[in-house]
Amino acid sequence: MLICPFCKKEYKRMNHCFKCYSRDDTLSRYDTRLFCLNYNYPIINKEFIEKYYIGLEMSLPEIYKEYKIDYKSFLFLVNHYNIPTRTHNQAVKSNKTLEKR
């Protein structure tokens, strides 16, 4: 469950933030999504992504399990910070994946 930064109500889907009556109408959909994600996941910033996703090579399922942020939202933040995403092939060939085998 997430909390709307505009009206402070709990919601399940990002759609609420886009349609919230308390939202400033001048915010674009992109900015609204970014604002809601930063409000609900303040720990997940550029440094966090560089450390855990890039440095420690955590997978999206591992990040979800640990921090409860869904894949699409996490990838939105990765793209926002201009951090390159791993392809499936890169993920399979990563050191962390090879250690598990």
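**Exercise 1.** In this predicted model, find which residue follows helix α5 and has a positive phi, and then find which residue caps the N-terminal end of α5.

*Solution.* Begin where the helix has ended: α5 is followed by Asn82, and the phi of this residue is positive, near 55°. Then go to the N-terminal end of α5, which is capped by Asp70, since one of its side-chain oxygens lies 3.4 Å from the backbone nitrogen of Lys72.

**Exercise 2.** Decide whether Ser73 in helix α5 is buried or exposed, and list what Ser73 touches beyond four places away in sequence.

*Solution.* The cut-off for buried is under 20% relative accessible area. Ser73 has 5% relative accessibility, and therefore counts as buried. Leaving out residues up to four places away in sequence, Ser73 touches Arg33 and Leu37. In α5, which spans residues 71-80, Phe74, Phe76, Leu77 and Val78 are buried as well as Ser73, and what covers these buried residues includes α2, α3 and α4.

**Exercise 3.** Describe how the rings of Tyr30 and Phe76 are arranged, and state which helices this pair links.

*Solution.* A pair of aromatic rings is described by the distance of the centres and the angle of the planes. A search of the whole structure finds seven aromatic pairs. In one of them, Tyr30 and Phe76 lie 5.0 Å apart, centre to centre, with 50° between the planes, and the pair is tilted. Tyr30 belongs to helix α2 and Phe76 to helix α5, so that the pair links parts of the chain 46 residues apart. Finally, compare accessibility: Tyr30, at 38%, counts as partly exposed, whereas Phe76, at 12%, counts as buried.

Note on methods. Residues are numbered from 1 along each chain as its sequence is written. This is a predicted model: local features need pLDDT of at least 70, side-chain atom pairs count only at pLDDT 80 or more; totals for chains, interfaces and linings use all residues. Side-chain values use heavy atoms; hydrogens and water are left out. Buried means under 20% relative accessible area, exposed over 50%, partly exposed in between (1.4 Å probe, protein chains only). Helices (H or I, at least four residues) and strands (E, at least two) are DSSP runs, numbered from the N terminus. Contact means heavy atoms within 4.5 Å. A polar contact is a pair of N or O atoms within 3.5 Å; within protein, one must be able to donate a hydrogen and the other to accept it, and residues adjacent in sequence count only if both atoms are side-chain atoms. Rings of Phe, Tyr and Trp (its six-membered ring) pair if their centres lie within 6.5 Å; planes under 30 degrees apart count as stacked, over 60 as edge-to-face and the rest as tilted.
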